[in-house]
Amino acid sequence: MPFISVSDGLIKKSITAVENKFITKYLPELDPKAVKVYLYSLYVFQSGTAYTLDDIASVLNVSADELKNYYEYLEEFELVQITSLTPFEVKILEAENVSGTPKKIKPEKYSDFTKTVQSILTGRMISANEFMEYFYLLEEYGFEQDALIMIINYCVSLHGDNIRLQYIKKVAKSFADDGAVTAKKVEERLSAYTSSTPALLEIFRAAGIKKQPDVDDDKLYKKWTESLGFDDKAICVAAKLFKAKATDKIDLALEELFKNKAFDVKEIENYCANKNSVYAVTVDIAKNLGVYVQNCAPYVETYVSKWCNRGFSFICLKNVSSYLFRQSKNSFEDMDLFLQKLYDGGIIDDKSVNAHIEKRVTEDKLLREILDKCGLKRKIVPWDRENLAKWRSWGFGDEMLFEAARLAADKSNPMAYVNGILSGWKAEDIFTIDKISKGVPSYTAKQNSVDERAVRGEVERHYYDLRHAAEERAEAALSRATSDKIYGEIRKELNALSIELAFAEIRDKHKAAEISERMIELEDESEKRLSELCIDKDEFVPHYSCEICNDTGYDKNGAPCICLKNFLKTLKY
């Protein structure tokens, strides 16, 4: 049983939230009555009760002046801020420090520092609260005084005396995050930033950005040039063409170009010139496939841009989509699989793609006639195309294929029987009809031999069907998961990050580690989403009916599997 537990009744009660950092860091150090004041103040705020200073003083059994003293005490620890003395008002702050003992900062130890900072910010008087913020940076982040002075001076040189405290704090914390808290480290970083300033100024001119570059811009510049791999000229061209008038907009533009493999000036110009055309062709593809598309952007990013980057032309993509619709392959996923096979086979240019489609159309017409002669009215399946390719490789012409189909018409499994017939003719060197008619030992003259080959054909078909069914189930499960918007977005981000990781592992090990961590987070999110969809990730892998042979009929040693022996017993020849 745990050391501390709570009753069911307590769980149902209203609760006042307290930061864990207050409990772990401040509670052991604070005056006990100050803790009471802090906790009761939290309660008053969170409950929405309209209490005055005197009301709280009465509840806590202290005078109003004593209560003010406790608030001043808490202000020293930066747990509250007194925002008004008349009327007396207090703001509760976050317990910002993560670890260590809270300090009561003594301003007198920083007298030289305050004089120097005031001499830099000559246009206004620095308030006590602002100085306390600088002291906090010195105490909690470990800045050397000269290092923080250099940072303040740098910020003022960029934005003048009206620079806001929050901006200085942001820049200082950025330096601290990089471990630059000594004067030497700050000087090194500012020198590195200065070296990139001319390039940033040129980019800003191209983009029409009026402000001066700062450290945050320098970080982005390093990302663009080192992590993403763009040169200065390419960044300038991208800023102009995307009309990006802020660094965050330039960053988004370069991320888009990076995903679409457009790095060189020429590639960027071509991408931007064709961007609208890509959206237009996506609409045409959707119409050809019979798919209703409300927003083209996801289809452009996931599919069409990838196809264009691989070298497929717009005309080619429209032709392929029309062909696939006639084949009842009417989805972007089906088209992606078809184009992947073309790409793997080096079939990319218009001429070779058209030739491939024409060949498929001719083959499908032939297969339709063969199936008709076999007495079959079903659709053409991939196994039929595999058979036709095999028969062609054996050297058989259309006439012999029709004859084999005619002979197999009355069999229980005609296509398997055609395989057996053609195998027998190949063994007997019979490749023309005249050899059959002239009495050369034919397939029909050796029925026993024929039956053996027919059995082999049926075995092939049987195991093909088993494997194909298992693989289709796996593909269907994956398709069902990726059709979910949330899971689909996670997988899309993972795919994009895997590309970034490949570049980062070469150029920036720190960035690669960050990407890897993000990918782990996304994998966890994907597992959670699959659980919500009641989909087991294991379903994405084909599960064959026989674990011994994976539906091939033969075990790992090449010996006939027990499932093959059992199947043979069911055949009747």
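A nonpolar core is a set of buried Ala, Val, Leu, Ile, Met, Phe, Trp, Tyr and Cys residues linked through side-chain atoms within 4.5 Å. Buried means under 20% relative accessible area, exposed means over 50%, and partly exposed lies in between (1.4 Å probe, protein chains only).

You're working with a predicted model, where local features need pLDDT of at least 70, side-chain atom pairs count only at pLDDT 80 or more, and totals for chains, interfaces and linings use all residues. Residues are numbered from 1 along each chain as its sequence is written, and side-chain values use heavy atoms, with hydrogens and water left out.

**Exercise 1. Find which residues of the largest nonpolar core touch the most other members, and which helix gives the most to this core.**

Step 1. Start with the core, which has 35 residues. The ones touching the most other members are F113, V117, Y134, F143, L148, I152 and F175.

Step 2. Now look at the elements (helices are DSSP runs of H or I, at least four residues; strands are runs of E, at least two; both are numbered from the N terminus). Two or more residues come from each of α6 (111–120), α7 (128–141), α8 (145–159), α9 (165–177) and α10 (183–207). Helix α8 gives the most, with nine residues.

Step 3. Zoom in on F113. Contact means heavy atoms within 4.5 Å. Skip the neighbours within four places in sequence, and F113 is in contact with Y134, F135, L138, Q145, L148, I149 and I152.

**Exercise 2. Work out how strands β1 and β2 are joined.**

Step 1. Two strands pair if DSSP finds at least two bridges between them. Here, five bridges join β1 (residues 80–85) to β2 (residues 88–92).

Step 2. Check the direction: the two strands run antiparallel. A hairpin through two residues joins β1 to β2.

Step 3. Pick out a pair: S84 has E89 in β2 as its bridge partner.

**Exercise 3. Decide whether N61 and D429 are buried, partly exposed or exposed.**

Step 1. N61 is in the loop between α4 (53–59) and α5 (64–76). Its phi is near 65°, a positive value in a residue other than glycine. With a relative accessible area of 71%, N61 is exposed.

Step 2. D429 is in the loop between α21 (414–427) and α22 (433–437). D429 isn't a glycine, yet has a positive phi of about 60°. At 45% relative accessibility, D429 counts as partly exposed.
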